[in-house]
Each structure stands twice: as structure tokens, then as C-alpha cells.
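Visitor: I have a structure to look at and many terms to learn. Could you take me through it, and say what stands behind each term?

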Amino acid sequence: MNRRAVFTSLLRGMRREELADAQPMILEAGAEEYTQPLTLDDALHLLRRTGFGPSYTQAASLVGRTAADVVEELLGDDNEPAPESPGAWVDVWTEDPQGADLATRNQILRQWDVNMSAFAKWWLGRMTNDPSMIEKITLFWSGHWVTEYEFDETHSIPQMLYRQYLMFRRNRLLNMRTMALDVTTDAAMLYFLGGTFNSVGTANENYARELMELFLTGLGWYTEGDVKEGARVLTGWRTQMFSDAPAPNGKYESWFDAAAHDIGAKQYLGVTIPARTEDNNTAFQVREEEVGRIIEILHTARAEAVSTFIASKVYKYFVYSSPGDVPTQFIADIATTFRNADFKLRALFKAMFTSAHFFDPALRGAQIKTPIEYLTGLQRQLGVTIANPDVWVANMDQPVMDPPNVSGWAGYRTWISTNTYPVRRSLAAELIKSMSDEQCGTFISQFPDYTDAKKFVAGVVQFMLPVPVSQTRMDFYLSALLQGAPDYDWPSILADEGAAGGRLRNLLTTISKAPDFQLC
Amino acid sequence: MKRRSFIATTAAATLGTQVLGNVPLHAYSPVRLMDTLADDDRVLIVIQMFGGNDGLNTIIPAEDPEYYKIRPNLSIPQAVAKKVLSRIYMHPALDPAGTYNLRMMMEDGRLAVIQGVGYENPNLSHFRSTDIWLSGFNSSDPNKRLIEGWLGRYWAHRIQGFPETLPDHPTAVQIGGTLSMLLQSQRGDIGIALTDPDAFFRLGQGLSPDMQPLPEDSRYSKEFNFVRLVAEQSDRYSTVIKDAFDSGKNTVKYADNGFVRQMQLVARLISGGLRSKVFMVYLGGFDTHVNQQNEDYEGLHPFLLESLSTGIGQFMQDALAQGFADRVVGMTVSEFGRRPYENGSWGTDHGAGSVQLVWGNGVKAGVYGNNPNLSDLTSNGDLRYQWDYRRVYADVMETWFGGTPDDTESVLEERLLPIGIFQRPSSVSDAFAGRQQLNIRAYPNPVTSTATLEWEQTVPASIKVELYAMDGRYVETVYKGRVQPGMMRLPVQPSQSGAYICNVVVNGVSNQVPIRVLH
């Protein structure tokens, strides 16, 4: 019997109860603050859910502190400085491929792909190295207010998507209203949802509908008439895309074409927005008095819907995403906090991440890692990187800033299919294989008591898997590490960098085969 | 591979390149009963046209002046639309040159067009309406969570021992993407998502975690079991798919187009013996708010229609050549249609009610329902629906898959009358001799020189064979006389290319057999 067969029979022989410790089903904790000092498991859980996989030393450094204290720090500053530019391409003009000859057109499109790949690699790198919640929350917003890189027969220009990224990052903790206003006149969004074609007399309803349905209230809070009137309010905003188009506000920014704006009175959610005269039809006035106004109306006339909808989105993304199992009372409580804070997003995230509910054991290990979390988290945890991470996340169905449709990634179980699960496994195998003996040594020595084989394996399992495993599984992993050697030999194996590296890679590979390796 | 790369919109690519004459076709036209077909052989292909297909620019109401008033830019002039069988006008993009296509399938009796499919209280959200279509539950109540597909529910209950034991072959295969809600059920996914059989085989083998499911007593264990099942399916089905892919073949040169390639893959898997019941393919981009079509009647929407027509046509031709055409039917689903009034961006906004296409040898070909009434719109300016979309599902379950009205009721939570879109095995055995519909075959079809009409004549009969053009004009009489019982084989040799109806009158009973001539 070969080694794999031995392992296999060991696991096959396990009774179901032996595969994992029973996790509680009953979710008792609510929105009250979690005040206990954080344990290592708590800290790992917090970092897994609000960041891109923990580093062991960072998690260890949080032990004993309070959730409130830690979350405040990890959220980052409201006015976090913008990151350094990913490259000169972000300010390079692009020609309009429409109407160009085929060779030029192909060249333009190729350049966009190159830019998009550079942007995706740059952002994935930032995520891998971000010890805070900044990039994760920015990624959340980018998945909420959806734009797609490729859609229909066209593309969002990467330069515009980069600017949109900065806009989400800047707004991520500020007020929901100002974020909504910035998104509504965002160049990439105007192009993606047809706002740039929306003109008086021939309104395009696309964005006006999604602003409510997908971005702020969800279904059921407006009429088809509100969609039509909203579209009239939003007429006139234009995306500056190409070097040969007018660019009143600079490269890849939006601008206002007064002649295309519908100056008539509108009725939105039962509120009248008065008609304006030609003289009062400026970008500033329309942005404040009409675009800002309908966002304000949504945040007052539909305050409860907006706060609940956003709180649910945050909950599904960071806490638990099963659509059939939603704790309505908890979400209502968080939504109330959000409204009471006048829609300040920092308050929403803080209330969510410091709640006893967030730390409830019944939710540990119940979330499927998104492809981006899976890739960046593995890179972070293993201390290695993969070439072409942008291609890997695309192969796992999460290309950066390019969701399948305007509702974004469906999330939850759609992340794992017979198409993507094999890619996930192969990614883990590649990353583990790429760990040099020296990198294995670094990985091993970050655990306290790493010279004790049993304690070391327990530490790795705690670090790599979301919930404690049974003793039988732990023994199985120990045998994967030692490969027949007695555990008292481990210190001497450690003295041989090559032997230790091989054994660590075998342990990690074995752990990566478990279904709960995909969970967090 | 990302789904959209697979179905990449190679907009500039020319679709039809292959010629019909090279391929040995042996069509059975008109397609008749399939009472010998075991239920187990039957396959359904679901084509999801995401975004909301514009029904008014698919089947054109070219005789309705109102259409031209409300669509000043986007309408298809009567002279440009393709008139088919003197009955309907198709968008010209549905009739791409150089390939078997939907227009020909309509003429050959392989296409059913259902006008005005929709549901009560239409929901104009892509996502809710898609969920309504895929789940088979018409509920716009956001609190009613739609998380299972109607086919997922149907098959989860029909597969023995599911999900504890998996069937040898995946019950459903979706080409590309993550598994659609259509194929999900509370008891587990009934199928797999597949993009590239070779990659699936390379990566999928040996992925079984060799662990049993956990008791489902926590949120963690539920997700653990979900991932475990996908791992198990990846391991098991990667070999099955690879075997089918390797022993299967295509006999048609398919167009180089993402959607068409999906249809090609389905044909090859069926050809190779994959015993899946349901295939799902995807054609996105129908959310045509902007630049739906240009002045030359080309552009985004025509391209999508051309892709659709080419994909189905070439699949059908392949299936006919390989002899599995009788086993397969297909249907389109799209979450809604477009608003009759065009918007100002050379596009159309979300609307209710649209056209559904059901195709295959097993359909009762024809047009179901009337052209939409553009003078009687809803208060929101939308079309009124004529057929509840779930009635087609009832047809699929009760007639195609051999279920019962009880199945329909348990899956849709309501008893619905099938439209009658599929052929049923006939129970008429007492028709007196010589006065009944006959199973008359024409082969080859399409034909390049001489077609043969063939049937078994059981009693002496007087026979007349007339040739008509598809628009109903008389062309010639091919044969007239009396015959004795036996196998009848009559040659038919029309002098010009085109589609014809052979009207075979036997003892006064008319049998219509379409044939297509390609000189």
C-alpha cells in the first residue's frame, strides 16, 4: 500500500463526527459590542474576514486587545493618502478605436488589455501586502457599484477604472450620500450604464433603475415611474474618454453638457424637483440641486430601505452569505446604527466588525473565500507570489473589476464550481510548490513551539483552516508532516533545511485538499 | 477560463462559412412521432439569452404600421425582414448566409415560435426576472427568496439516491461560468459547470477529498459538504466528460464564435455518449439600452441574433448528420423583452413579454400566439403577455421528459396546462385503412439533385404529389396515379434551388413534407 493509500484509508475510516469538532448551529449573539479580549482564534477570524488572510505575527500581536480598539486601527484614516500611481499609463491618452482601421483598433485594444493587466497586478499586490482593511473595503465597494471592464462589444478604459478605484478608496469610510453622488457622476459608471448617452427627450433608464435596484434600496421601494423620472434628472452627464473628445474637466473625467439636460420639473418618490431655467442649468447647480437631491430623497424617504440594503450587502460580503439564512434582527440593528450616524460608513463597518454577532462561533468557517481572497490570502500566508495573479483570479471567475453583469458577482456558492474548484486546487499546489526551503524555514519559525511537531502542526492547522479539526484529522496531518518519522525526530529534521521544507510542503498540500481549506 | 472569454464576442468575425452540400444529411421531414424513443435518451438544451431579448426586433411585426411609429430608428422595414412561410417576418440576422439556420428550421418544421411569453406583474429587474424564469416561481416579493431552479428541483427528485450517490453521468452540464440557479436544488447541484474538457480532465482528477460528508448541524458543515460534493463531482465527472469528448465528434464546420462553440461542444459530448439530460448554454449582451442596431440593421443585437441562429442551425445540422437529432430539443429563455418604444440612445429599455423559441425534431413547429398588439400596451407602455412562461416548462416535464402533471405540480407548486409544443406519441390506431397521416420521409434533405419520398403504404391507394413554394404558390405536380401496398419510393427533382412543400395526397389525405433544394 503506498503512502497516499494509507492516508486515504485513514481518512475514509473516520466516522463523520471525527472529521471536525461540532460547530454550534444556534447563532445567539447580536449587535452588542464584543468586549472580551481577542483570542488568537478571534484575531485570525477578524483578519480573515476583513482583510486578505492573516499573517501569523500580525494575528498574534492583536491577542488581548479589544475588537473596538483593533477595528478602529485597521479601518484606517478617513483621509488616507492615495497610493503611489501604478504607472505612467494612467495618464496616457487613448484614441477612439471606433472608426479606426483594423490594425490601429487592435493596437488600442491590446494596449487596454496591457493596462488592465498592469492595474490588476498592482492592485492584487497591494491587497497581498495590506495589513489593514483599506483594500478589502475598497474592493467591496468596487463590487457593489459595479462597472465591467469588458461588456457588450466595448470596454471600460483601464485609465477610467483606475480613477474609479481611487474614488472608491477615498469614499470608502465617508458618507453614503457623497459616495453615491461621486459614483453617479463617475466617468466609468456613466459609460458603463449608459448615462453618457442619457439626454433630454430620449432618456436612458439604465442607471436610474440600478441606482435603486442594485445600489441603494433593492427591489420594491420605487415605481417604474420613479425610474423614468430619475433618468430625466440624470440627463446631461458625459464621459470624457478619448483624446479627440472635449475634456472640460481633464483626462478621463466626467463633464456636464447643459444642452442635454432635461430642465423640466420631475417627480421623484413623491417629491417634486422644480423646473430650472436655462440660466441655472450649470454642472454645479444640477449636481447639487438635482443629482444630489434625488440621492438625498433616497436617504430620507427610503432611509430604512437604504440602510438595511447596504447593511445586508456588507453582512453578506464580510460575515455570512447564505441567502436563505439571514439574521434580520441583527441587520436591522446595524442599519439603525448606520442611520443614526447619518449614513457615515465608518460607523457601519465598525458596528458590524465589533459586534458579538461577528465573533459568534456559529459563523466561523461558514464563508467561502472569494477567489481574490483565496489568492491574495495564500500569497500572504505562505510568503510567496504567483506569476500572473490577474489571470489566476480570472480563471477562478473573479477578474479584477470585471464582474459578469451589473449585479456584480453573485457570491456565496457560485464561487465554487466544477470549473473553478480544480483551478483553486491547482493554484494552491503551485504556490506551495514554489516555496523554497528557505521560505519554508521562515514559515515554520514564525510559530511558537515550532520545534514540537504536534504543537507545530496544531499551529499550522489553526493558521490555515478556519475552525478546529478533530483529533483524528490532526493525527493525519501530523503523519503528513513526519512521513513515518517519530515525532521526536522533528527537531533533527528541522536542522536539515531541505528535509524540513519537503515535509512542510507535504503538510500544506495535504491540508489544501480539505474542503474547509476553501472556507474562512 | 472566464466565461466571457469562452463566449468571446468576436464581433468582427464572419459567422457562416460552411456549405451545406458537403455534409451527409439524412433529415426526417416532417418530423413525426417518437414513440419508440426511450425517455432516458432525451436531452434538453436551455439557451439563456441574458439581458432581455428584444422580441419586437426578433420576430418583426412588419405588417403593423404602429411598429414603425414607435421604432423610428430601430425598426426593420418589411422589405428587409425575412418573410417565412407566409406567416411571420424574421429579423434578417436570423437568416445568415451559408449556414443552416433558424429561418430554414422554421421552414423545415423544426422551430416553434411562441409569441408574447411572459408572466403576470412583470418584474423589470434583470436579476429578479431571471430568477423568476429560472426558478419557475413567479414572485416579485423580494422577501420570497428564489434559490432553486425548476430543473434542479425536477431532477433532484427524479435521480435515485441523490445526492448521497451521484449518477454515473452528470444530469446537467452547463457550458462555462459558475453553475446557474437553474441547475441548483436544495438537495444539491444536479450538474456541473464545464468550460474545457481537457483542462477539466487535467485538473479534475484525484480531487476527491476522500472525506465523508459532515452531519449538517452547523453553517460550517453545510459549506464543507457543498465544497466536498463539488470536489467529488470534479473528480468523478472529469473522466466521464473526457471520455465523451474524445469519442465524440462534430461533422459540421462550426462558425468561429463563442456561442456557436458552446453548441459545438454540446453536440460533441452528446455524440460521444454523454448521458446528460440537460445542457445549458449562455449568450449574453441582450441588455441593449445603447446602440442596439445601426442604420444598416447591423450591430450588437443583430450580431447576437446571428450568433443564435448560426449556433442552433449548425448544431441541428450536426445532430441530423450524426443521427441524434430526434433526441434533442432546445429552448431559449430571456428574462424579459424590451420596451416597444425605443429610447434616445438607439436602444431600448427593459420591457415585458417577448418571443421564445423552441426547436428540434420533437417540436410541433409553427407560431403560437399572435403578433403583439402594439395599440394595447400596459400602463407602463409594455406588451401584454399571451403565454405564461411556466406552461412551456410543463411541456418539457410532461411531454419531453415523460413526467406527469403531478411532477409539474410538485415542481411549479401549481398545476399548469402544457401548451402542447412537443409531439406526443399518437394513440390513434383505429383510423381506417388508408385514411390517416403517414410517416413520409424525404431524403436527402437538403437535397442537391433528386430527393426521394419514402413511406410504407399498407393499402392500395390513389396518390398525388404536388410541389409548392414555401409562400404557398403552386409549382408543379410530380406524380399522380394508383399504387399497391409496399414500400413507396418516389423521386422528386425540383429544377430550382429553394425550399418547397411536397404535398403528398394519399387517398384524399394531405401530408406535407418540406424539402430544401440546393443546386
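**Contacts, cores and surfaces**

Guide: Start with Ile334(A). Not counting neighbours within four places in sequence, Ile334(A) is in contact with Ala31(A), Ala311(A), Leu348(A), Ala351(A) and Met352(A). This is a predicted model, where local features need pLDDT of at least 70, side-chain atom pairs count only at pLDDT 80 or more, and totals for chains, interfaces and linings use all residues. Residues are numbered from 1 along each chain as its sequence is written, while chains are lettered from A and ligands numbered from 1 in the order in which they are written.

Visitor: What makes two residues "in contact"?

Guide: Their C-beta atoms, placed from the backbone, must lie within 7 Å. Ile334(A) also belongs to the largest nonpolar core, which has 272 residues. Ile334(A), Leu348(A), Met352(A), Val266(B), Val281(B) and Val358(B) touch the most other members.

Visitor: What makes a set of residues a nonpolar core?

Guide: The members are buried Ala, Val, Leu, Ile, Met, Phe, Trp, Tyr and Cys residues, joined through C-beta atoms within 7 Å. Another core, of 17 residues, lies apart from the largest one. Val465(B), Val492(B), Val504(B) and Val506(B) are among its residues.

Visitor: Why is Gly250(A) called exposed?

Guide: Count the other C-beta atoms within 10 Å of a residue's own, all placed from the backbone: 20 or more is buried, 12 or fewer is exposed, and in between is partly exposed. Gly250(A) has 9, so Gly250(A) is exposed. Gly250(A) sits in the loop between strand E3 (237-239) and strand E4 (254-256) of chain A. Gln240(A) is ten residues away along the chain, with 7.9 Å between the C-alpha atoms.

Visitor: And why does Gly76(A) get the label it has?

Guide: Gly76(A) has 18 such atoms, which falls between the two cut-offs, so Gly76(A) is partly exposed. Gly76(A) is in the loop between helix H5 (67-75) and helix H6 (102-128) of chain A. Leaving out neighbours within four places in sequence, Gly76(A) is in contact with Ser132(A), Met133(A) and Ile134(A). Ala259(A) is 183 residues from Gly76(A) in sequence and 42 Å away, C-alpha to C-alpha.

**Chain A as a whole**

Visitor: How do you know whether the radius of gyration of chain A agrees with a compact globule?

Guide: The radius is taken over C-alpha atoms, and the globule rule is 2.2 Å times the number of residues to the power 0.38. For 520 residues the rule gives a value near 24 Å; chain A has 25 Å, so the two agree. The C-alpha atoms fill a box of roughly 85 × 55 × 40 Å along the principal axes. Buried residues make up 49% of chain A. Among contacts between residues at least 6 apart in sequence, 77% join residues at least 24 apart.

Visitor: How many helices and strands does chain A have?

Guide: Chain A has 24 helices and six strands. Both are DSSP runs, numbered from the N terminus: helices are H or I with at least four residues, strands are E with at least two.

**Chain B and its strands**

Guide: Chain B has eleven helices and 21 strands. Of its 519 residues, 56% count as buried.

Visitor: What makes E6(B) and E7(B) a pair?

Guide: Two strands pair if DSSP finds at least two bridges between them. E6(B) and E7(B) have four bridges, so they pair, and they run parallel. Gln174(B) has Ala193(B) in E7(B) as its bridge partner. E6(B) also pairs with strand E8 (residues 278-283) of chain B in the parallel sense, over three bridges. There, Val173(B) is partnered by Phe279(B).

Visitor: Which strands of the sheet E2-E4-E3 (chain B) are edge strands, and what makes them so?

Guide: That sheet is open, with three strands and antiparallel pairing. Strand E2 (59-60) and strand E3 (82-84) are the edge strands, as each pairs on one side only. E2(B) and strand E4 (residues 88-90) share two bridges. Ile59(B) has Met90(B) as its partner in E4(B).

**Where the chains meet**

Visitor: How many residues does each chain give to the contact?

Guide: Chain B gives 55 residues and chain A gives 62. H7(B) supplies the largest share of chain B's side, 13 residues.
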